[in-house]
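Ready for a few warm-up exercises? Grab the viewer, try each task yourself, and then walk through the solution.

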Amino acid sequence: MGMVLGILGSGSGSNMQAILDAIDSGTLDARISIVLSDHSDAFILERARQRGIATGVIDCRGFKTRFPEEAQQETAMQLKAAGVELVCLAGFLRLVKRPLLDAFPQRILNIHPSLLPAFPGLESWKQALAAGASEAGCTVHFVDEGMDTGPIILQESVPILADDTAESLHARIQVLEHRLYPAAIRNLS
Ligand code: GRF
């Protein structure tokens, strides 16, 4: 029965919710076996608990943005123990490096709210607005050692409208994200 997914997230988990919705509606043949977060109070963990999905907190040893090597090792072990075949970063705000990448070669995905390679990094919809771009979008890609680099799996654009605010543009991109992430996972199974 379907691919076994592990999710890493730092925030609200709306992308994970979209993956769960696709599984529930029968359009994605997969199962989420574990959800891990670097923030113990992240809503993504609450969503997972409500569904009876195993959760865990990644101990980043007090580092604000780094993902320490020991924490990556522990994360890899937890994912493996949960039988995870594909790791999905869903709003996970730390850079994944070795040893986690080595534990899941070509099996870690990320979703990023821009038309990569344009506007990597944080709040990319604001970057697109500030640059006066005519369109924005969203990209699902394999994770490598760079920040929002790595081979692209799926990408789609949305227009930037004259009266867009950061909030209205982000909302339009999120609708797209929620459709694109399950579709990209489906492509890999
Ligand atoms: C999304 O905008 C995603 O593209 C970015 O972080 C946000 C996560 O949102 N990487 P959520 O936690 O899935 O709601």
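## Getting oriented

Starting at the N terminus, the protein chain's elements follow the order β-α-β-α-β-α-β-α-β-α-β-β-α. Helices (H or I, at least four residues) and strands (E, at least two) are DSSP runs numbered from the N terminus. This is a predicted model, where local features need pLDDT of at least 70 and side-chain atom pairs count only at pLDDT 80 or more, while totals for chains, interfaces and linings use all residues. Residues are numbered from 1 along each chain as its sequence is written, and side-chain values use heavy atoms, with hydrogens and water left out.

## Exercise 1: the overall chain

Work out how many helices and strands the protein chain has, and what its radius of gyration says.

Step 1. The secondary structure adds up to six helices and seven strands.

Step 2. The radius of gyration (taken over C-alpha atoms; the globule rule is 2.2 Å times the number of residues to the power 0.38) is 16 Å for the protein chain, which agrees with the value near 16 Å for a compact globule because the chain has 189 residues.

Step 3. Along the principal axes, the C-alpha atoms fill a box of roughly 50 × 40 × 30 Å.

## Exercise 2: around the ligand

Find which residues surround the ligand, and which helix gives the most to that shell.

Step 1. Look for residues with a heavy atom within 4 Å of the ligand. Among them are Gly11, Asn15, Gly91, Ile111, Pro113, His170 and Gln174.

Step 2. Sort the shell: two residues are nonpolar, eight polar and one charged. Here Ala, Val, Leu, Ile, Met, Phe, Trp, Tyr, Cys and Pro count as nonpolar, Asp, Glu, Lys and Arg as charged, and the others, Gly among them, as polar.

Step 3. Helix H1 (14-24) and helix H6 (166-188) each supply at least two shell residues, and H6 gives the most, with three.

Step 4. Now check polar contacts (pairs of N or O atoms within 3.5 Å). A polar side-chain atom of serine 12 is 2.9 Å from a ligand oxygen, and a polar backbone atom of glycine 13 is 2.8 Å from a ligand oxygen.

## Exercise 3: unusual backbone spots

Locate the cis peptide bond that involves proline 99, and find where arginine 61 sits.

Step 1. Most residues other than glycine have a negative phi, and most peptide bonds are trans.

Step 2. The bond from arginine 98 to proline 99 is cis, with omega near 5 degrees; proline 99 is in the loop between strand S4 (86-89) and helix H4 (100-103).

Step 3. Arginine 61 has a positive phi, near 55 degrees, and is in the loop between strand S3 (54-57) and helix H3 (69-81).

Note on methods: A polar contact is a pair of N or O atoms within 3.5 Å; within protein, one must be able to donate a hydrogen and the other to accept it, and residues adjacent in sequence count only if both atoms are side-chain atoms.
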